[in-house]
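Student: I am new to this structure and would like a close look at a single part of it, namely the way its elements and side chains are packed against one another. Please take me through that in one connected account.

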Amino acid sequence: MRRLRTATPAAPGEAHGSSGTALADRVTGTGPLSAFARRVLAYIALTKPRVIELLLVATIPTMLLAHRGHVDIGLILATLFGGWMGAASANTLNCVADADIDKVMKRTSKRPLAREAVPTRNAFVFGLTLGIGSFAWLWWQANLLSGLLVVATILFYVFVYTLGLKRRTSQNVVWGGAAGCMPALVGWSAVTGTIGWPAIVLFLVIFFWTPPHTWALAMRYKEDYRAAGVPMLPVVATEKAVTRQIVIYTWLTVLATLALIPATGVIYAAVALVAGAWFLLMAHQLYSGVRRGESVKPLRLFLQSNNYLAVVFCGLAVDAVLGWHTVI
């Protein structure tokens with residue numbers, strides 16, 4: 001892990017990159033127990049707990065769809081635990097690679113390695129151990145394919161996205177965002193041992209959702225990214241160009257959710273249509289505001305994009321559990 005000089009534009013979910021960074025600050029006092037608690041919380045913060053929410057949002061509904069009409073709680077919990085270890089590994093190794101620029105960006109300046117709450121070597125070993133553990137656990141509890149997919153996710157996120165794309169192209173989160181889409185494939189493979197077309201569609205839903213979600217945040221913090229030398233799209237392009245791209249990717253996201261309708265029932269279809277119209281309205285409002293030269297609030301789209309994804313996947317989960325007749 002030699003290239004420690006790597007800035008971090010958020011990959012899927014990484015937009016919450018500063019989440020959990022102040023965990024250790026919540027423990028006060030100077031005694032041994034307090035020091036131990038702060039150290040434990042610092043290691044937890046390395047995993048970016050709130051980022052892992054995307055894992056839950058994507059994995060559970062995908063598994064329920066793969067086993068439509070049935071719920072295997074044991075397998076779901078086992079897969080979530082293995083997936084959590086894999087995501088925690090990737091996030092921790094990302095913190096190791098980005099420690100230098102995390103000190104520069106206000107949004108990430110309280111991450112454990114940025115404030116030297118954890119030795120870099122210890123963080124690296126911690127991340128590596130979590131990665132090995134996730135592979136072994138999923139191979140044991142689910143199947144080999146699930147374990148290999150988690151390993152591929154970690155390697156892609158660390159080497160392709162963090163060390164490869166992040167500081168080299170404004171399209172970093174477009175291609176690097178593929179790492180955040182993998183829970184859909186892992187969840188499906190854990191149930192079926194294969195990768196079916198619905199899993200690929202769900203992969204694409206998150207893949208297309210990531211750019212508008214992340215660029216909306218980057219518009220708010222573009223000076224942070226500029227100071228860190230990260231060529232996020234809002235740093236190198238005009239607001240009009242950025243919001244136009246946000247609209248395009250929002251349309252692609254909604255169309256991808258609609259492509260899943262043949263494998264689902266009327267509940268998911270209704271949720272996807274209504275939520276999609278709402279998401280598109282927000283994206284177009286942001287673009288229209290920029291075109292008119294108004295003062296816009298891109299952070300609103302960022303926050304609401306989380307709600308949009310949660311609503312769509314919750315609708316999918318309910319639809320899958322009920323197991324009613326599919327639309328087609």
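Tutor: A disulfide is counted here when two cysteine sulfur atoms lie within 2.5 Å of each other. With that cut-off, a search of the whole structure, which is a predicted model, finds 0 disulfides. Two of the cysteines can still be placed by their surroundings: Cys95 has a relative accessibility of 1% and therefore counts as buried, while Cys181, with a relative accessible area of 0%, is buried as well.

The setting for these residues is a protein chain with 14 helices and 0 strands, and reading from the N terminus on, one therefore meets an α element at every step of the run. Of the 328 residues in the protein chain, 54% count as buried.

The packing of helices is the natural place to look next. Two packed helices are described by the angle between their axes and by the distance between those axes. Helix 3, which covers residues 73–97, packs with helix 5, residues 120–141, at an angle of about 155°, and their axes are 8 Å apart. Angles over 145 degrees count as roughly antiparallel, and helix 3 and helix 5 are therefore roughly antiparallel to each other. The crossing of helix 3 and helix 5 is left-handed, and the contact between them, sorted by class, has 15 nonpolar residues, 12 polar residues and no charged ones.

Helix 2 and helix 9 give another example of packing. Helix 9 spans residues 197–220, and helix 2 packs with it at an angle of about 160°, with axes 11 Å apart. By the cut-off already used, helix 2 and helix 9 are therefore roughly antiparallel to each other too, although helix 2 passes helix 9 in a right-handed crossing.

From the helices we can move to the aromatic side chains. A pair of aromatic rings is described by the distance of the centres and the angle of the planes, and the structure holds 11 aromatic pairs. One of them joins Tyr43 and Phe126, whose ring centres are 5.2 Å apart and whose planes stand at 80° in an edge-to-face arrangement. This pair links distant parts of the chain, since Tyr43 belongs to helix 1 (residues 32–46) and Phe126 to helix 5, with their positions 83 residues apart in the numbering. To compare their surroundings, recall that buried means under 20% relative accessible area and exposed means over 50%. Tyr43 has a relative accessible area of 18% and is therefore buried, whereas Phe126, at 24% relative accessibility, counts as partly exposed.

A stacked pair is formed by Tyr157 and Tyr161, with 5.5 Å from centre to centre and 20° between the planes. Tyr157 and Tyr161 both lie in helix 6, which covers residues 144–165, and they are 4 residues apart, about one turn of the helix. Tyr157 is buried, with a relative accessible area of 5%, and Tyr161 counts as buried because its relative accessibility is 0%. Elsewhere, ring pairs link Phe81, Trp84, Trp137 and Trp140 into a cluster.

The account closes with some loop residues. Lys48 lies in the loop between helix 1 and helix 2, the latter covering 53–66, and its phi is near 55°, a positive value in a residue other than glycine. With a relative accessibility of 0%, Lys48 counts as buried. Glu116, found in the loop between helix 4 (99–102) and helix 5, also has a positive phi in a residue other than glycine, here near 60°. Glu116, however, counts as exposed, because its relative accessibility is 61%. Finally, Asn143 sits in the loop between helix 5 and helix 6, where a relative accessible area of 17% makes it buried. Asn143 and Thr192 are 49 residues apart in sequence, and their C-alpha atoms are 9.3 Å apart in space.

Technical notes:
Residues are numbered from 1 along each chain as its sequence is written. This is a predicted model: local features need pLDDT of at least 70, side-chain atom pairs count only at pLDDT 80 or more; totals for chains, interfaces and linings use all residues. Side-chain values use heavy atoms; hydrogens and water are left out. Axes are lines fitted to C-alpha atoms, for helices over the stretch in contact, and angles run from 0 to 180 degrees between N-to-C directions. Helices (H or I, at least four residues) and strands (E, at least two) are DSSP runs, numbered from the N terminus. Angles under 35 degrees count as roughly parallel, over 145 as roughly antiparallel, 65 to 115 as roughly perpendicular and the rest as oblique. A crossing is left-handed if the near helix is turned anticlockwise from the far one by less than a right angle, and right-handed if clockwise. Ala, Val, Leu, Ile, Met, Phe, Trp, Tyr, Cys and Pro count as nonpolar, Asp, Glu, Lys and Arg as charged, and the others, Gly among them, as polar. Buried means under 20% relative accessible area, exposed over 50%, partly exposed in between (1.4 Å probe, protein chains only). Rings of Phe, Tyr and Trp (its six-membered ring) pair if their centres lie within 6.5 Å; planes under 30 degrees apart count as stacked, over 60 as edge-to-face and the rest as tilted.
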